[in-house]
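Hi,

Here is the model I promised to pass on. Have a look at it first, and then read my notes underneath.

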Amino acid sequence: MSPEAAGLEVSGLSIDIGGRRVVDDLSFSVATGERLGLIGESGSGKSLSILSLVGLAPADAVVAGSVRLDGRELVGLSERELARVRGRQIGMVFQDPLAALNPLHTIGRQIGEPLRLHEGLSRRDALERAVDAAAEVGLPDPAQITRLYPHQLSGGQRQRVGIAIALACRPALILADEPTTALDVTTQAAILDLFQRLVDERGASLVFVTHDLAVLARITSDVVVLSHGRAVERGTVDGILRGAEHPVTQGLVAAARATTWRAS
Ligand SMILES: Nc1ncnc2c1ncn2[C@@H]1O[C@H](COP(=O)(O)OP(=O)(O)O)[C@@H](O)[C@H]1O
Ligand SMILES: [Mg+2]
């Protein structure tokens with residue numbers, strides 16, 4: 001992809017923390033409307049990679065390389081500039097919705113916040129849109145639930161809120177970091193279906209992070225395998241299932257086959 005190309009282009013991304021290289025020379029690109037899966041074992045550097053795309057790596061992390069969104073370089077932007085990108089151009093869904101939500105603010109206020117921030121809506125208009133958004137992500141009794149606080153919702157409901165927040169401003173790119181890992185299997189399936197449908201409807205680009213190839217296979221075809229902070233294999237889910245080359249990828253395939261077998 002050329003520097004002017006539409007979409008996300010990450011090249012030579014490296015992250016050091018405390019003198020340790022945790023992500024090493026990672027490159028990938030996602031064209032507008034396309035999807036990419038980033039898969040790897042726990043500790044392989046998935047979350048740090050995703051967080052650093054939007055300037056959310058820990059303060060002591062040293063991030064080098066290039067992250068371009070529609071040709072615009074994001075690495076090195078000020079916090080003020082990045083805050084305008086997050087939520088508006090790039091929506092994010094995290095693994096732990098409870099940690100991602102503010103315990104002191106109502107659901108309605110939190111879904112409405114990006115709309116107030118980026119679209120300048122009044123408190124009242126933002127709340128109205130939040131009720132619609134709550135309905136769209138399948139929350140029961142939207143008018144009532146937007147008045148509640150995060151601790152009053154189930155895990156699955158909280159992740160529906162997380163998705164509503166991420167999608168509120170209709171971002172062109174969505175980053176999802178293990179959005180269903182913290183949920184029980186039944187809820188996981190429902191949330192994946194919802195997420196899949198909404199990303200489809202919006203025609204948004206997507207980077208979907210998981211340690212679970214069975215989950216990934218439902219969302220994306222193209223995949224990059226991370227191990228110890230490096231991309232060790234790239235291809236399609238089908239290709240990887242037919243013959244993974246790297247031992248780490250083979251391990252992920254074996255793990256996915258084992259869980260699928262146990263579940264059936
Ligand atoms: N805030 C941090 N400070 C120091 N090391 C960290 C921090 N966050 C993550 N790491 C380390 O960086 C590596 C990658 O972590 P992470 O990106 O969270 O992995 P993953 O999401 O693939 O499980 C791990 O070795 C982890 O211990
Ligand atoms: Mg992680």
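Below is what I found, going from the sheets to the helices and then to the ligand.

Before anything else, please keep in mind that this is a predicted model.

Let me start with the sheet of six strands. This is an open sheet with the order S6-S7-S8-S3-S9-S10, and its pairing is mixed. S6 (90-93) and S10 are the edge strands, each pairing on one side only. On average, neighbouring strands here are turned by 15° against each other, direction ignored.

Two of the pairings in that sheet are worth following on screen. S3 (residues 35-40) pairs with S9 in the parallel sense, over four bridges, and Leu38 has Val224 in S9 as its bridge partner. On to the antiparallel case: S9 (residues 222-227) and S10 (residues 230-236) are joined by six bridges. If you want a spot to centre on, Ser227 stands opposite Arg230 in S10. The hairpin of S9 and S10 has two residues between the strands, and His228 there takes a positive phi near 45°.

There is a helix to look at on this sheet too. H7 (residues 155-167) lies across S6 and S7 (173-177), and its direction is at about 170° to that of S6.

Now the other sheet. Four strands make up this open sheet, in the order S2-S1-S4-S5, with antiparallel pairing. S2 and S5 (72-73) are at the edges with a single partner strand each, so one side of each has no neighbour in the sheet. Between S1 (residues 7-17) and S2, which run antiparallel, there are eight bridges; Leu13 sits opposite Leu26 in S2.

The helix that goes with this sheet is H1. It lies across S1, S2 and S4 (61-69), running at about 120° to S1. How many of the eight residues of H1 (residues 46-53) are buried? Six are, so to speak, tucked away: the helix is mostly covered. The buried ones are Lys46, Leu48, Ser49, Ile50, Ser52 and Leu53. Just after H1 you will find Gly55, with a positive phi of about 70°.

H1 also leads straight to the ligand. Which element gives the largest share of the shell around ligand 1? That is H1, with three residues. S2 (20-31) and H1 each supply at least two residues of that shell. The full list of residues around ligand 1 is Ile17, Arg20, Val22, Glu41, Ser42, Gly43, Ser44, Gly45, Lys46, Ser47, Leu48 and Pro58. Lys46 and Leu48 therefore turn up twice in these notes, among the buried residues of H1 under the 20% cut-off and around ligand 1.

As for polar contacts, I would look at these three:

- Arg20: a polar side-chain atom lies 2.9 Å from an oxygen atom of ligand 1.
- Gly43: a polar backbone atom is 2.7 Å from an oxygen atom of ligand 1.
- Leu48: a polar backbone atom is 2.9 Å from an oxygen atom of ligand 1.

On its own, ligand 1 exposes 560 Å², and 63% of that is buried by the protein.

That is everything I have for now. Let me know what you make of it.

Cheers

Definitions and conventions:
Residues numbered from 1 in each chain as written. Chains lettered and ligands numbered in written order. Predicted model: local features only at pLDDT ≥ 70, side-chain atom pairs only at ≥ 80, totals over all residues. Heavy atoms only, no water. Pairing = 2+ DSSP bridges. Buried < 20%, exposed > 50% of the residue type's maximum accessible area, 1.4 Å probe, protein only. Axes fitted to C-alpha atoms, helices over the stretch in contact; angles between N-to-C directions. Contact = heavy atoms within 4.5 Å. Near = heavy atom within 4 Å. Polar contact = N/O pair within 3.5 Å; in protein donor to acceptor, adjacent residues only side chain to side chain. Areas by Shrake-Rupley, 256 points an atom, 1.4 Å probe, with all protein chains shown as cover.
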